[in-house]
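This report describes one protein chain, with its sequence and structure shown below.

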Amino acid sequence: MPLQYKLYHCLEEEHQDTITSLAFSSHGTFLAVGSLDGKLSLWSTLSGRKLHVVVTGSNAVLSIIWMMPSENHLLCGLANGVVISIHIDDCVTVTGFTAHSSSPVEYLAVMDCIVVTGARLEVFLWNHEGTAKWTQLAQILPPPSISVNHESEVIVTSLAWACMKYSERTLLVAYLHHGILLWDAIKVKMAHFVYVKTLVGSMSVSRDGNVLVVSNVTTGFNIYHLNDSSLDGSMLQPSNGMLVPVAFIHGGQAVLGGSPCGKVQIWDSTDRSLLGTLMHDSEYGVLQAHVKSREDRFLIATGTCALEG
């Protein structure tokens, strides 16, 4: 029997601007939502009730990640280069520090106590232990330019951890014009570099670290084998130059992709057949999506962006 997806909750009337980031807690109990309006909202996935709101003033919330396996500790990257650490107990405690002095923190990734921040061309690794202690471990330099991109701006578009043949702690850094860099966090050096012939808007890596899916900014989504960087196939979903999300779901058996036209689509990752379309009741683009397994349910959260033009 094919999987069935249905609308579970519609979380409205809190944010007044583009949804920039979505993240489920480790057990799928909570959903954190960030927006350009400078607010982080926290919702119960069971009841759909809003639980907390953190207001950052005029600083847009651009990225969110939970400190796994915690259900009460998450990090947010802000437009002013600050990372805030939020602890939720009987009350909400917020601390923060400046991770990037002149660039917005658009991407976050975490493995154990190692936190990675991505801000334009900068990628920093931090050790985060305790409530407010942050120690910089390394800075990842951009990959070398080649003839087709040597005049292009270096822009980070995605971060992901994976256990791969290079290292059990391999960090993948996607760049809009400069391919994908694989960083060995144990040896603290670049392990490999994957050049792709498309612009990379976002990426997701399979659990076994062997397969990569890329949102290519123009025609849709491409699947690559990481062992030899070969292209396995594509799913067509024009993104009109937007950085739409993509993610492996259902243990890597399917791919979830956003769009600039108010919907998300799900494809079989093997034969790339379309499995389903989830309509977001909006005229805006679905530019944020996040997934989480919870008991016998599989949760997908989507958020929209007002498209200019």
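The sections below cover the overall fold, the charges, two residues and their contacts, and some backbone features.

## Basis of the description

This is a predicted model, in which local features need pLDDT of at least 70 and side-chain atom pairs count only at pLDDT 80 or more, while totals for chains, interfaces and linings use all residues. Residues are numbered from 1 along each chain as its sequence is written, and side-chain values use heavy atoms, with hydrogens and water left out.

## Overall fold

The protein has 26 strands and zero helices. Both kinds of element are DSSP runs numbered from the N terminus: helices are H or I with at least four residues, strands are E with at least two.

The radius of gyration is 18 Å, which agrees with the value near 19 Å for a compact globule of 309 residues. That radius is taken over C-alpha atoms, and the globule rule is 2.2 Å times the number of residues to the power 0.38. The C-alpha trace spans about 50 × 50 × 40 Å along its principal axes.

## Burial, surface and contacts

Of the 309 residues, 53% are buried. Buried stands for under 20% relative accessible area, exposed for over 50%, and partly exposed for values in between, with a 1.4 Å probe and protein chains only. The protein exposes about 14400 Å², and carbon and sulfur atoms supply 51% of this area. Accessible areas come from the Shrake-Rupley method with a 1.4 Å probe; for residues, only the protein chains shown count as cover.

Among contacts between residues at least 6 apart in sequence, 40% join residues at least 24 apart. A contact requires heavy atoms within 4.5 Å.

## Charges and salt bridges

The protein has 17 positive and 26 negative charges, and their mean positions are 5 Å apart. Lys and Arg count as positive and Asp and Glu as negative, whereas His and the chain ends are not counted. Each charge is placed at NZ of Lys, CZ of Arg, CG of Asp or CD of Glu. Side chains of opposite charge can pair when their charged atoms come close. The count of salt bridges is three, where a salt bridge is a side-chain nitrogen of Lys or Arg within 4 Å of a carboxyl oxygen of Asp or Glu.

D112 and R169 form one salt bridge, with their closest N and O atoms 2.4 Å apart. D112 is in the loop between strand 9 (107-111) and strand 10 (114-119), and R169 is in the loop between strand 13 (156-162) and strand 14 (170-175), so this pair links distant parts of the chain, 57 residues apart. D112 is exposed at 52% relative accessibility, while R169 is partly exposed at 24%.

R120 and E153 meet in another salt bridge, at 3.0 Å from N to O. R120 belongs to the loop between strand 10 and strand 11 (122-129) and E153 to the loop between strand 12 (133-140) and strand 13, so the salt bridge ties together parts 33 residues apart in sequence. R120 counts as partly exposed at 30% relative accessibility, and E153 counts as partly exposed at 45%. The side chains of D232 and R272 also form a salt bridge, at 3.0 Å from N to O. D232 is in strand 20 (residues 230-236) and R272 in the loop between strand 23 (263-268) and strand 24 (274-279), so parts 40 residues apart in sequence are tied together. D232 is partly exposed at 30% relative accessibility, and R272 is partly exposed at 25%.

## H100 and F97

H100 sits in the loop between strand 8 (92-98) and strand 9 and is buried, with a relative accessible area of 0%. Neighbours within four places in sequence aside, H100 contacts N80, G81, V105, T117, G118, A119, E122 and F124. The C-alpha atoms of H100 and L236 are 36 Å apart, with their positions 136 residues apart along the chain.

F97 is part of strand 8 and counts as buried at 16% relative accessibility. Leaving aside neighbours within four places in sequence, F97 is in contact with G81, V82, V83, W126 and W134. The C-alpha atoms of F97 and S85, twelve residues apart along the chain, are separated by 8.8 Å.

## Backbone features

The peptide bond from M68 to P69 is cis, with omega near 0 degrees. P69 lies in the loop between strand 5 (61-66) and strand 6 (73-78).

V217, a residue other than glycine, has a positive phi near 75 degrees. V217 is in the loop between strand 18 (211-215) and strand 19 (220-225) and is buried, with a relative accessible area of 6%. R272 is not a glycine either, and its phi is positive at about 60 degrees.
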